[in-house]
Amino acid sequence: MKVHSFTIDFTEYDSTDQLDEGLKTRLKKTEEFLSHAYAPYSKFQVSAMCVLDDGTEVMGTNQENAAYPSGLCAERVAVFAAKSRFPDKKIDKIVITTAKGDDQPVTPCGGCRQVIMEYEQQQQQPIQLVLKAVDSKVWVFQSMNDLLPFAFNGSLLKKG
Ligand code: THU
């Protein structure tokens with residue numbers, strides 16, 4: 001028998017003042033886009049910005065529906081839009097902001113982690129995640145692999 005363990009590193013910033021100007025601006029823009037969310041049911045607004053390898057920014061906000069499961073999280077709206085419009089560009093980072101939250105940022109749901117993870121594997125380059133709730137600290141993860149260890153990997157589907 002063997003017990004395995006691992007640790008996850010992420011960076012916490014108490015204030016956006018500790019970030020570079022580019023990231024500060026992107027966080028501000030993502031926060032401004034919270035008003036584009038369509039969240040009449042949960043009243044939980046989320047905004048996400050994909051930053052591509054050439055600096056292109058693709059925004060997304062959560063979009064809900066009266067038939068609840070038909071709605072989609074902000075992260076997936078942004079990532080699917082980015083990959084539909086620019087299939088050959090890599091995603092460098094995703095900046096995510098939630099309107100509600102306490103001292104700590106809100107982390108993406110499992111479904112979004114799985115989707116982002118697959119693009120990370122496809123582009124063979126990690127995607128940095130920058131997370132913030134309006135009044136919270138900022139958390140930066142260097143790869144989705146840190147938030148979804150032991151992810152299901154579609155490579156087995158291609159065998160046999
Ligand atoms: N939501 C997101 O947009 N991203 C997440 O990572 C978690 C949840 C949305 C989905 C739904 O519109 C609302 O937040 C409440 O779950």
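This short talk walks through a central strand, a pocket, some salt bridges and a surface patch in the structure shown above.

Before I begin, please keep in mind that this is a predicted model, in which local features need pLDDT of at least 70 and side-chain atom pairs count only at pLDDT 80 or more, while totals for chains, interfaces and linings use all residues. Residues are numbered from 1 along each chain as its sequence is written, and side-chain values use heavy atoms, with hydrogens and water left out.

Let me start with strand S2, residues 46-52, where strands (E, at least two residues) and helices (H or I, at least four) are DSSP runs numbered from the N terminus. Seven of its seven residues are buried, so S2 is largely enclosed by the rest of the structure; buried here means under 20% relative accessible area, exposed means over 50%, and partly exposed lies in between, with a 1.4 Å probe and protein chains only. In a regular strand the side chains alternate between the two faces of the sheet. In S2, Val46, Ala48, Cys50 and Leu52 point one way, Ser47, Met49 and Val51 point the other way, and all are buried. Leu52, for instance, has a relative accessibility of 2%.

Which strands does S2 pair with, taking a pair to need at least two DSSP bridges? Seven bridges join S2 to strand S4, residues 91-98, and the two run antiparallel, with Val46 having Thr98 as its bridge partner. Strand S3, residues 57-61, is also antiparallel to S2 and is joined to it by five bridges, and here Met49 stands opposite Met59. S2 and S3 form a hairpin with four residues between them, and Gly55 in that turn has a positive phi of about 90 degrees.

Both Val46 and Thr98 appear again in the lining of the largest pocket, alongside residues including Phe44, Asn62, Cys73 and Pro108. A pocket is an open set of points on a 1 Å grid over the protein atoms alone, where a 1.4 Å probe fits, with protein on both sides within 12 Å along at least five of seven lines, and lining residues have an atom within 4 Å of a point. The elements giving two or more residues to this lining are helix H2 (74-85) and S4.

Turning to charges, a salt bridge is a side-chain nitrogen of Lys or Arg within 4 Å of a carboxyl oxygen of Asp or Glu, and by this rule the count comes to nine. One of them joins Lys137 and Asp14 at 3.9 Å, N to O. Lys137 lies in the loop between S5 (128-133) and S6 (138-141) and Asp14 in the loop between S1 and helix H1 (21-32), so the pair ties together parts 123 residues apart in sequence. Lys137 also forms a salt bridge with Asp103, the closest N and O atoms being 3.7 Å apart, and salt bridges that share partners join Glu12, Asp14, Asp103 and Lys137 into one network. Elsewhere, Glu57 and Lys29 meet in a salt bridge at 2.6 Å, N to O; because Glu57 lies in S3 and Lys29 in H1, this pair links parts 28 residues apart in sequence.

Finally, Phe6, Ile8, Phe10 and Phe150 make a nonpolar surface patch of about 460 Å². Such patches consist of residues with over 30% relative accessible area and no salt bridge, like charges being joined within 9 Å and nonpolar side chains (Val, Leu, Ile, Met, Phe, Trp, Tyr) within 5 Å, and accessible areas come from the Shrake-Rupley method with a 1.4 Å probe, only the protein chains shown counting as cover for residues. Phe6 is found in the segment before strand S1 (11-13) and is partly exposed at 47%.

Definitions and conventions:
Two strands pair if DSSP finds at least two bridges between them.
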